[in-house]
Every structure is written in C-alpha cells, then in structure tokens.
Amino acid sequence: MRTVRTTEETRALGAEIAELLRPGDLVVLTGPLGAGKTTLVQGIGEGLKVRGPITSPTFVIARVHPSLSGGPALVHVDAYRIGGSLEVDDLDLDASLEDSVTVVEWGEGLVDGLAEDRLEVLIERDAEGEDRRVRLRGVGERWSAVPASLV
C-alpha cells in the first residue's frame with residue numbers, strides 16, 4: 001500500500017505504474033468519487049507519453065489517447081454510467097486491447113472478462129479525505145510479481 005498526499009504525488013505514482021505497462025495491459029481502477037482515479041490516469045498518460053489532455057471520460061465513456069513516442073495508445077474508460085457487461089461489450093474494448101494500454105475507472109466486476117491478466121488499483125481516502133491509500137493487486141501470470149515498491 002502506498003499513501004499519496006497530493007495530486008502531484010498521485011500523478012507521480014501513475015507515471016511509475018506506466019513504466020510497467022505494455023500493449024495489451026488492462027488496469028482497473030476502483031475508488032469513491034473524488035478519490036483521484038483520473039489524476040492517476042493523468043500520470044499514467046504522462047508516463048506513456050500520450051496526447052492529452054486526459055480528463056474524465058464520464059459522458060463520452062471512453063477516450064483514446066495516441067502515443068506521441070511510438071508506444072502504445074492509452075484507452076481511458078469511465079464505466080461509472082455503464083449498467084452492465086452487455087454495455088461493456090458494446091464499447092468493443094477487446095478490439096483495441098492487444099495494441100493499447102486500457103485503463104478503466106469504475107470497472108471492477110464489469111471488465112474482468114476482458115483479460116485474464118490485469119492490474120487492479122484500489123484508491124481509498126482517509127477519514128479526513130486528504131490522504132489517499134493506493135493498493136495494487138496483480139491478477140494473472142503477467143502481474144504475479146507486482147514490484148514491492150508499488151504495493
């Protein structure tokens with residue numbers, strides 16, 4: 001578990017996570033409203049060197065951010081308004097999954113079937129709402145050894 005206190009620290013953690021990511025990776029973010037999920041994705045986008053700005057795709061559901069450096073694109077999905085797995089299927093995320101890094105906010109229980117391997121990130125706010133506790137959990141062989149520095 002890692003504690004982050006500022007948006008800058010949250011973005012820096014996202015950039016650290018980006019160093020581990022490669023095409024085909026699925027990252028599922030869970031946490032309450034205002035926990036910092038989109039801020040973490042901004043750091044991931046900075047680390048992947050993709051075109052921005054990265055903002056919450058709540059109303060458009062998904063945005064694709066192409067790479068500026070020849071790396072994988074970032075597919076940023078906000079599943080907050082998605083009602084179930086059938087609506088996830090309609091997004092056709094599996095079509096770009098192999099070539100991109102796909103990060104899904106609010107995706108727990110909805111996108112687990114997209115990939116056998118995924119990185120799950122849980123962000124919790126402390127009682128005062130200032131600090132965030134971030135837990136990473138790898139699922140599948142690809143993520144069987146999440147670096148201790150990130151856990």
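Pro53 sits in the loop that joins helix H2 (37–48) to strand S3 (62–65), where helices (H or I, at least four residues) and strands (E, at least two) are DSSP runs numbered from the N terminus. The model is predicted, and local features need pLDDT of at least 70, side-chain atom pairs count only at pLDDT 80 or more, and totals for chains, interfaces and linings use all residues. Residues are numbered from 1 along each chain as its sequence is written, and side-chain values use heavy atoms, with hydrogens and water left out.

The peptide bond that leads from Gly52 into Pro53 is cis, with omega near 5°. Lys49 also lies in the loop between H2 and S3, and its phi is near 60°, a positive value in a residue other than glycine. Most residues other than glycine have a negative phi, and most peptide bonds are trans.

| Backbone feature | Angle |
|---|---|
| Gly52 to Pro53, cis peptide bond | omega near 5° |
| Lys49 | phi near 60° |

How do H1 and H2 cross, right-handed or left-handed? Their crossing is right-handed, a word used if the near helix is turned clockwise from the far one by less than a right angle, while anticlockwise would be left-handed. The axes of the two helices come within 6 Å and cross at roughly 50°; axes are lines fitted to C-alpha atoms, for helices over the stretch in contact, and angles run from 0 to 180 degrees between N-to-C directions. H1 and H2 are therefore oblique to each other, since angles under 35 degrees count as roughly parallel, over 145 as roughly antiparallel, 65 to 115 as roughly perpendicular and the rest as oblique. Among the residues that make the contact (heavy atoms within 4.5 Å) are Thr10 and Leu13 of H1 and Thr39 and Leu40 of H2.

Thr10 belongs to helix H1 (residues 7–20), and at 10% relative accessibility it counts as buried, because buried means under 20% relative accessible area, exposed over 50% and partly exposed in between (1.4 Å probe, protein chains only). Leaving aside residues up to four places away in sequence, Thr10 touches Val4, Gly36, Thr39 and Leu40.

In the largest nonpolar core, which has 24 residues, Leu74 and Val121 touch the most other members; such a core is a set of buried Ala, Val, Leu, Ile, Met, Phe, Trp, Tyr and Cys residues joined through side-chain atoms within 4.5 Å. H2 gives the most to this core, with four residues.
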